[in-house]
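Let's take a walk through this protein together, one region at a time. Have the viewer open and follow along as we go.

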Amino acid sequence: MSLRRAPGLPAAARVRAPADRHYRRPAAPVSRRRGGPRWWQVGRLVVLVVLAAGSAFWLGQRVLGSGLLTVDRIVVRGTERLSATDVEGLLDGLRGQHILGVDFDEYRRRVLESPWVERVTLWRLLPSTVEVTVVERAPLALARLDDQLYLVDHAGVIIDGFGPAHADLDVPIVDGLMRRPAERGAIVDLDRIGLTARFLAALEPRPDLLRRLSLIDVTNGSDLVALLGADPVLLHLGDAEFVQRLDKYLSLAPTLRERFDGLEYVDLRFGERVPVRAAGRVDDGPAGRRR
């Protein structure tokens with residue numbers, strides 16, 4: 001038998017290797033099992049998970065049952081008229097509770113019972129502090145009813161009776177804001193408090209006018225009447241253009257005093273026509289000209 005030499009192969013490549021009698025090829029290929037982890041591995045994982053969960057539960061119970069998370073400090077922020085002691089008095093029973101079990105809705109409701117409090121927020125500061133942030137109501141005016149004065153805010157809430165502790169407040173006295181229905185206590189008329197709030201907001205850019213303001217009357221809900229300082233003349237300003245009408249009066253005042261004795265009121269709601277009352281007489285013509 002002749003052998004053909006393959007191109008590029010050495011001559012030794014033509015020699016056939018004899019079969020090795022000591023090597024036995026298996027009759028069939030050995031199959032290797034593949035799949036999920038063995039059962040003992042799964043069991044070990046389950047045991048580890050159970051031990052970890054048990055340890056976490058035990059540690060949690062120890063922490064919850066300890067005094068570490070008991071409320072022992074209350075921090076109050078945002079108060080001006082109220083004191084921190086006043087607020088803490090509304091939170092009676094909070095100290096000593098577990099901080100994670102405190103019913104904040106209940107304590108928030110208690111603090112809001114104070115008429116001085118408009119909004120309140122309570123926070124947990126672990127491990128044992130509760131922080132209380134208060135937003136107080138801002139008095140808008142002193143509402144006069146009979147011979148009493150009451151602090152009211154822009155929403156018509158009666159905050160408190162006026163007393164020596166409020167002497168530093170620079171708010172005007174307003175007549176006609178409050179009424180006393182037969183079936184219940186005194187209430188604030190919301191339309192009239194709205195008129196008062198718009199008037200004071202219009203005067204904010206004019207502190208010179210605000211400083212001179214001494215009395216407001218909103219008994220007629222569509223005609224605000226104002227007094228400036230010691231000037232006894234009642235100024236009818238309507239329900240709009242407040243600054244323009246006050247400026248108009250101040251420019252006319254010297255002329256009106258020259259022409260009228262005992263000037264009682266000036267009505268500034270009608271443009272160029274300025275009705276006045278003086279010493280029992282009424283003039284409803286243009287300013288400075290008697291009818």
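Start with how the chain connects to itself: among contacts between residues at least 6 apart in sequence, 44% join residues at least 24 apart. Keep in mind that this is a predicted model. The protein contains 6 helices and 15 strands, and 32% of its 291 residues count as buried.

Our first stop is the loop between α1 (39-65) and β1 (73-77), where you will find Leu68. Is Leu68 buried or exposed? With a relative accessible area of 53%, against a threshold of over 50%, Leu68 is exposed. Even so, Leu68 has partners from elsewhere in the chain: leaving out residues up to four places away in sequence, Leu68 touches Pro127 and Ser128. Ser128 is 60 residues from Leu68 along the chain, yet the C-alpha atoms of the two are separated by 6.9 Å.

Follow that contact to Pro127, which sits in the loop between β2 (117-125) and β3 (129-136). The peptide bond that joins Leu126 to Pro127 is cis, with omega at about 10°. For context, most peptide bonds are trans, and most residues other than glycine have a negative phi. We will come back to the phi part of that statement shortly.

Next, step into strand β2, which holds Thr121. The relative accessible area of Thr121 is 33%, so this residue is partly exposed. Setting aside neighbours within four places in sequence, Thr121 is in contact with Glu131, Val132 and Thr133. You can also look from Thr121 towards Tyr107: these residues are 14 apart along the chain, and their C-alpha atoms are separated by 9.9 Å.

Tyr107 brings us to helix α3, whose buried residues are Phe104, Tyr107 and Val111. Viewed down the axis of α3, these buried residues fall within an arc of 65°, so they line one face of the helix. The spacing fits a general pattern: an α-helix has 3.6 residues a turn, so residues three or four places apart point the same way. What covers the buried residues of α3? The cover includes α2 (84-90), β2 and β3. Also in α3, which spans residues 104-112, is Arg109. At 42% relative accessibility, Arg109 counts as partly exposed. Between Arg109 and Val120 there are 9.0 Å in space, C-alpha to C-alpha, for a separation of 11 residues in sequence.

Now for those phi angles. Asp146 is in the loop between β4 (141-145) and β5 (148-152), and has a positive phi of about 55° although it is not a glycine. Asp146 counts as exposed, at 60% relative accessibility. Glu241 also is not a glycine and has a positive phi, of about 50°. Look for Glu241 in the loop between β12 (234-236) and α6; with a relative accessible area of 48%, Glu241 is partly exposed.

From there, move on to the helices α4 and α6. The 14 residues of α4 should span 20 Å at 1.5 Å a residue, and the end C-alpha atoms of α4 are indeed 20 Å apart, so expectation and model agree. Which residues of α4 are buried? They are Ile193, Leu195, Thr196, Phe199, Leu200 and Leu203. Down the helix axis, the buried residues of α4 fall within an arc of 155°, so they too line one face of their helix. On the other side of α4, Leu190 and Asp191 are exposed.

How does α4 meet α6? In general, two packed helices are described by the angle between their axes and the distance between the axes. Here, α4 (residues 190-203) and α6 (residues 242-259) pack at an angle of about 65°, and their axes are 9 Å apart. Angles from 65 to 115 degrees count as roughly perpendicular, and α4 and α6 are therefore roughly perpendicular to each other. Leu195, Arg198, Phe199, Ala202 and Leu203 form the α4 side of the contact, while Phe242, Val243 and Leu246 form the α6 side. By class, this contact of α4 with α6 has 7 nonpolar residues, 1 charged residue and no polar ones.

Key
Residues are numbered from 1 along each chain as its sequence is written. This is a predicted model: local features need pLDDT of at least 70, side-chain atom pairs count only at pLDDT 80 or more; totals for chains, interfaces and linings use all residues. Side-chain values use heavy atoms; hydrogens and water are left out. Axes are lines fitted to C-alpha atoms, for helices over the stretch in contact, and angles run from 0 to 180 degrees between N-to-C directions. Helices (H or I, at least four residues) and strands (E, at least two) are DSSP runs, numbered from the N terminus. Angles under 35 degrees count as roughly parallel, over 145 as roughly antiparallel, 65 to 115 as roughly perpendicular and the rest as oblique. Contact means heavy atoms within 4.5 Å. Ala, Val, Leu, Ile, Met, Phe, Trp, Tyr, Cys and Pro count as nonpolar, Asp, Glu, Lys and Arg as charged, and the others, Gly among them, as polar. The expected span of a helix is 1.5 Å times one less than its number of residues. Buried means under 20% relative accessible area, exposed over 50%, partly exposed in between (1.4 Å probe, protein chains only). The arc is that of the directions from the helix axis to the C-beta atoms.
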